[in-house]
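Open your viewer and get ready to click along. We will go from one selection to the next and say what is there.

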Amino acid sequence: MSEAQEHSGPAARSGSGAGGRHLVAVLALPGFPPFETGIPSRVFGSAVDEAGEALYEVVVCTADGGPVVSDAGFTIQPAAGPEALAAADTVIIPPTHAMPELARGGPLPPEVAAAVAGIRPGARLVSICTGSYVLAAAGLLDDRPATTHWNLAPEFRRAYPRVQLDEDVLFVDDGDILTSAGVSAGVDLCLHLIRRDHGAAVTNRAARMCVVPPWRDGGQAQYIDRPVPEPTVATTTATRAWALERLGEPLTLAELAAHARMSLRTFTRRFRDEVGMTPVQWLTAQRLETARQLLESSDLPVDLVAHRSGFGSGNSLRQHMRTNLGTSPIAYRRTFRPHAPEGASETVPA
């Protein structure tokens, strides 16, 4: 997906949560912001199967099992201590505003370092916003792609030069370690994890319960403070809506610019300013999203999925899915539609 640097990952394990549900442990650190720390409980708690059964169990823990003070001035008593990290299938680290030494590349406090070291091998690690500093200070992001809040990118790079930071995206999925940008990007990342684990239908239900979109276009660039354009300045919004209705057609950059009544150069610059990526990247992302939905929800042959999503051929779809998702259309379909008929495999029947 375009808002993330995404790699394929395992489906949700039947973990050690109640009833074998996937156990998510949220590590609340001193100076935690309540909103970001509450995101996992709200989003994963909204993920249910068709029978309405919960798919995740979420527990909030602290590094030593004791109470912690939020940046809003109130204290919480966690449900668990570091033992939850040793049992969790997914560990989520929200931001902290009480460890300024991390901004300078300093070490983790001993109790936090011990808690992170006690995370179960094979657990999926996730950070929200400046929770990435904790992962970086632990050395877990060395030589790996990651993101954090765009406003802190220069500071983060100075403190952790080995991290391959991309401040333009909403989140980065590097398989077993995932990082998100600030605040609501944590919602995007949690929904992405549900999508990766259980597919579009479950994610859409969870998003509706949370009254949020199941997937957002673009990256952080669209949220960076810029001078407000004059009301008479054209935007690319209408052209994006127009293109979404024609994804199955071979749209070109020239056609998009012509629809927006802009030169190629102006259209490309304005599009990137508004969306956070190039028109071609955006169009590919929309087509991949359409292809994924068709693979999950229909038995259409791969060639027909490719045609309807605008890739033109099955080979083109396979190449884009391999590059962007690390999997093939058939493998992807088997993950979310294990009982799909064999005839729904590769090509349009003769």
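This tour of a predicted model starts at a strand, moves on to a helix and ends with charged pairs.

**Stop 1: strand β5.** Select residues 90–93, which make up strand β5. Are the faces of this strand covered or open? Both are covered: Thr90 and Ile92 are buried on one side, and Val91 and Ile93 are buried on the other. In a regular strand, side chains alternate between the two faces of the sheet.

**Stop 2: the partners of β5.** Now add strand β1, residues 22–27. β1 and β5 run parallel and are joined by three bridges, with Val26 standing opposite Ile92. Next add strand β6, residues 124–127. Here too the pairing with β5 is parallel, over four bridges, and Ile92 stands opposite Val126. Then show helix α3, residues 110–117: together with β5 and β6, α3 makes a right-handed β-α-β unit.

**Stop 3: helix α1.** Select residues 34–44 and colour Glu36, Thr37, Ile39, Pro40, Val43 and Phe44, which are buried. Turn the model until you look down the axis of α1: the buried residues fall within an arc of 145 degrees, so they line one face of the helix. What do they pack against? Their contacts are with β1, β2, β5, α6 and α7.

**Stop 4: helix α6.** Go to residues 185–198 and pick Arg196. Arg196 counts as buried because its relative accessible area is 8%, below the 20% cut-off. A polar atom of its side chain lies 3.0 Å from the backbone oxygen of Gly175. Now pick Arg195, whose side chain meets that of Glu296 in a salt bridge (2.9 Å, N to O). Glu296 lies in helix α11 and Arg195 in α6, so this pair ties together parts that are 101 residues apart in sequence. Both Glu296 and Arg195 are buried.

**Stop 5: more salt bridges.** The model has 12 salt bridges by count. For another, select Asp142 and Arg162, where the closest N and O atoms are 3.5 Å apart. Asp142 sits in the loop between α4 and β7, and Arg162 in the loop between α5 and β8, so the pair links parts 20 residues apart in sequence. Asp142 is partly exposed, at 27% relative accessibility, and Arg162 is partly exposed at 46%. Add Asp143 to see a network of salt bridges linking Asp142, Asp143 and Arg162.

Finish with Glu245 and Arg246, whose side chains meet in a salt bridge (3.5 Å, N to O). Glu245 is exposed, at 65% relative accessibility, while Arg246 is partly exposed at 24%.

Terms used: Residues numbered from 1 in each chain as written. Predicted model: local features only at pLDDT ≥ 70, side-chain atom pairs only at ≥ 80, totals over all residues. Heavy atoms only, no water. Buried < 20%, exposed > 50% of the residue type's maximum accessible area, 1.4 Å probe, protein only. Helix = DSSP H or I, 4+ residues; strand = E, 2+ residues; numbered from the N terminus. Pairing = 2+ DSSP bridges. Right-handed = clockwise from strand over helix to strand, strands pointing away. Polar contact = N/O pair within 3.5 Å; in protein donor to acceptor, adjacent residues only side chain to side chain. Arc of directions from axis to C-beta. Contact = heavy atoms within 4.5 Å. Salt bridge = Lys/Arg side-chain N within 4 Å of Asp/Glu carboxyl O.
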